[in-house]
Amino acid sequence: MKTLRKLFIILSGVVCAAACNLDRIPVDRLTADSVFSDPQAYQTWVNECYTLFRGQSALQEDADDFIDCDPCDVVAGTRSPYTQKWDWSMLKHINYLLENISKCSDEEIAASCEAQGLFFRGLFYFEMARKFGNLPYITNTIGMQNKELMYANPIPQDYVIDAAILDMEAALDGLPAELSAAPTVVTQWVALGYIARAALYEGTLLKYQGEAKADYEEYLKTAEQACRRIMESGLFSVYRDKSWTDDNAYRNLFVMETMPSSEALLVQLFDTNTLPSGIQAAFTGLRTGATRRFINHYQLADGSSVSTRSGWRNANFFTEGEGRDPRLRQTILFPGCKEVSDNKEIRNQLQSLTGYEPIKYRRGPAGTAFNSCLPIMRYPEILLMYAEAKAELGTLTAEDVEATLNLIRARVGMPGVDMLKVNAAPDALMASYYPNVTGRNKGIILEIRRERTIELALEGLRLWDMLRWHEGAQLGNNSGAMQGIYLSSAGLVDMTGNGSPDFELYSGTPTQDLVPAYSLGEEVFLSNGSFGYVTPFAEEKLPEEPWDEDCDYLWPIPAGELAIPGSKLVQNYGYYY
């Protein structure tokens, strides 16, 4: 890529080092002989790198689609140099492995561990760069206790992304190509998927920053090529069991003990005995809820926008989910939804902040334990990255749409997207949600974003999508994003239309004790006082100032790191130290 020659020129003049206290055991007390006394110890060392995958914590990053009672620092506007921390310990762990891999007596283990180490170093730097921007770039453990040396030569964000992609590309030949029954290890295909994620992130970030750097296209081409290799392997598909129907195919995928390796490139497994899942408990405890903005992404069953339905803005909850993309009722708790474990109907009693309670990943009542898995990367994401990269490049074809978006939609029986039609008449509602999209491919880009929003909901990608699309201004109450279900009045509320109340919104004191009761104006807020949209955080926890387009796309550098003597780190614009 374009910056690599510059990158190596920069690094050739740098004494690479890293911060002190980066590991439980300082490097100067370790030797390869003491740590890697057995070839198998190299793989044990690598296994710790798998903690770089964020797992369940990624599901708790609020954006414009889901929020909880503890908003993440981006949405809450609480990022500060004085509270921000960063951690370089895993980089030290990886570099120590790579420095000593030549001492491994088993060539096969050495090749495998070196490839995994390179992949994880690329992953580490990709995730650090998208968060902090310009960074020190370190490839060894010389002088690891000397922060002054480490911070002497930070390099630009796009150079760091280039280096990350290079590492992951260098890892490919040493990673396995074959699939296993449970996709829990890094393969060539996982590495290609992350190359695509990194390249698509940087390519769209550059394009939508307004700078329109010419080389953004090179990143998009890299993403396209990586995805194409996965697609052309013939190993992957959009999975649907023969017994599934349009009304359960999507939900069933996320309550399996493990997804098939044809659908999932990588998953994290949870076992009731050794590693129980905390996903449902986290959703319940944090009162996680979808926003109305997210719900409005779902089309009607015939493929038309929800905005074409009469009265859609103020629809009753028990009719809102009817006649929609089947994935809506398989992602959010609507009337008629039943537990997978015992087939009992689940009542919506406003336990989520917005009234739109997630059921994706839910296998049974709260407190019950099941073997389950969390997808870290799925094949539909590969298809959508391929489509997006080509759409942004202007090379997407109708055949590409059939092989990507429409293949995903077919799993639940949704009609396909007609590229010519949507470009001729882009969905006005989607255009209002993503105002930065322009050009002759506006319609299909909006449809790709719709599909990512729906298909990949609650998979840890949404916040980063909004940042790379330069749509940060849509994150927060100042844009009207943080609203939930519509209630025509307070009092006893029937969520199913069966004539029986499910909860009460009261002023003063509750009128009954049979269903949950919430104080109006204290526990629950409605947008118009006594009626309207449920509006969490009407009086707290969200920033008073609107999103700052000049600085809010990066996190602040920790203040303490800027004070290191000799440090050439520069605080990201807009944060004060």
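Let's start at Ser527, which sits in the loop that runs between β8 (517-519) and β9 (532-533). Keep in mind as you look around that this is a predicted model. Is Ser527 buried, exposed or partly exposed? Its relative accessibility is 33%, and since buried means under 20% and exposed means over 50%, Ser527 counts as partly exposed. Leaving out residues up to four places away in sequence, Ser527 touches Gln483, Gly532, Tyr533 and Thr535. With Tyr533 there is a polar detail to look for: a polar atom of the Ser527 side chain lies 2.8 Å from the backbone nitrogen of Tyr533. Another useful landmark is Leu487, 40 residues from Ser527 along the chain, with 9.6 Å between the two C-alpha atoms.

Now move to helix α20, which covers residues 442-455. How far apart are its end C-alpha atoms? They are 20 Å apart, and this agrees with the 20 Å that 14 residues should span at 1.5 Å a residue. The helix is mostly covered, with 13 of its 14 residues buried.

Glu455 belongs to this helix. With a relative accessible area of 0%, Glu455 is buried, because the cut-off for that label is under 20%. What does Glu455 touch, once its neighbours within four places in sequence are set aside? The list holds Tyr250, Arg327, Lys360, Arg378, Pro380, Leu384, Ile408 and Arg411.

One of those partners, Pro380, makes a good next stop. Pro380 is found in helix α15, residues 379-393. Here too the relative accessible area is 0%, so Pro380 is buried. Beyond residues up to four places away in sequence, Pro380 touches Glu263, Ile408, Arg411 and Glu455. Ile408 and Arg411 therefore appear in the contact lists of both Glu455 and Pro380, given that contact means heavy atoms within 4.5 Å. For a sense of how the chain folds back here, look at Thr404: Pro380 and Thr404 are 24 residues apart in sequence, with their C-alpha atoms 7.7 Å apart in space.

His297 brings us to another loop, the one between α13 (292-295) and α14 (317-320). Is His297 buried or exposed? At 1% relative accessibility, His297 counts as buried. A polar atom of the His297 side chain lies 2.9 Å from the backbone oxygen of Arg293. Setting aside residues up to four places away in sequence, His297 touches Met430, Tyr433, Tyr434, Arg450, Thr453, Ile454 and Arg462.

From the packed residues we can turn to the empty space. Rolling a probe the size of a water molecule over the atoms shows where such space is left. The largest pocket holds about 720 Å³. Its lining is made of 26 residues, and Arg54, Ser57, Glu61, Lys131 and Trp464 lie nearest its centre. At least two lining residues come from each of α4 (73-76), α5 (89-100), α6 (107-132) and α21 (462-468). Which element supplies the largest share? That is α6, with six residues. Sorted by class, the pocket lining has 12 nonpolar, 10 charged and four polar residues.

There are closed spaces as well: six cavities of 30 Å³ or more are counted. About 290 Å³ of space lies in the largest cavity. This cavity is lined by 25 residues, and the closest to its centre are Arg54, Arg197, Glu459, Gly460 and Leu461. Each of α6, α9 (188-208), β4 (372-378), α15 and α21 supplies at least two residues of the lining, and α9 gives the most, with four. By class, the lining of the largest cavity has 14 nonpolar, nine charged and two polar residues.

The second largest cavity has about 100 Å³ of space. Of its 14 lining residues, Glu61, Asp65, Leu458, Gly460 and Arg462 are the closest to the centre. They divide, as a lining, into eight nonpolar, five charged and one polar. You have met some of these names before: Glu61 is listed for the centre of the largest pocket, Gly460 for that of the largest cavity, and Arg462 among the contacts of His297.

Definitions and conventions
Residues numbered from 1 in each chain as written. Predicted model: local features only at pLDDT ≥ 70, side-chain atom pairs only at ≥ 80, totals over all residues. Heavy atoms only, no water. Buried < 20%, exposed > 50% of the residue type's maximum accessible area, 1.4 Å probe, protein only. Polar contact = N/O pair within 3.5 Å; in protein donor to acceptor, adjacent residues only side chain to side chain. 1 Å grid on protein atoms, 1.4 Å probe; cavity = no way out; pocket = protein on both sides within 12 Å on 5 of 7 lines; lining within 4 Å. Points joined across faces, edges and corners; volume = space filled by probe spheres on them. Nonpolar A, V, L, I, M, F, W, Y, C, P; charged D, E, K, R; others polar. Expected span 1.5 Å × (residues − 1).
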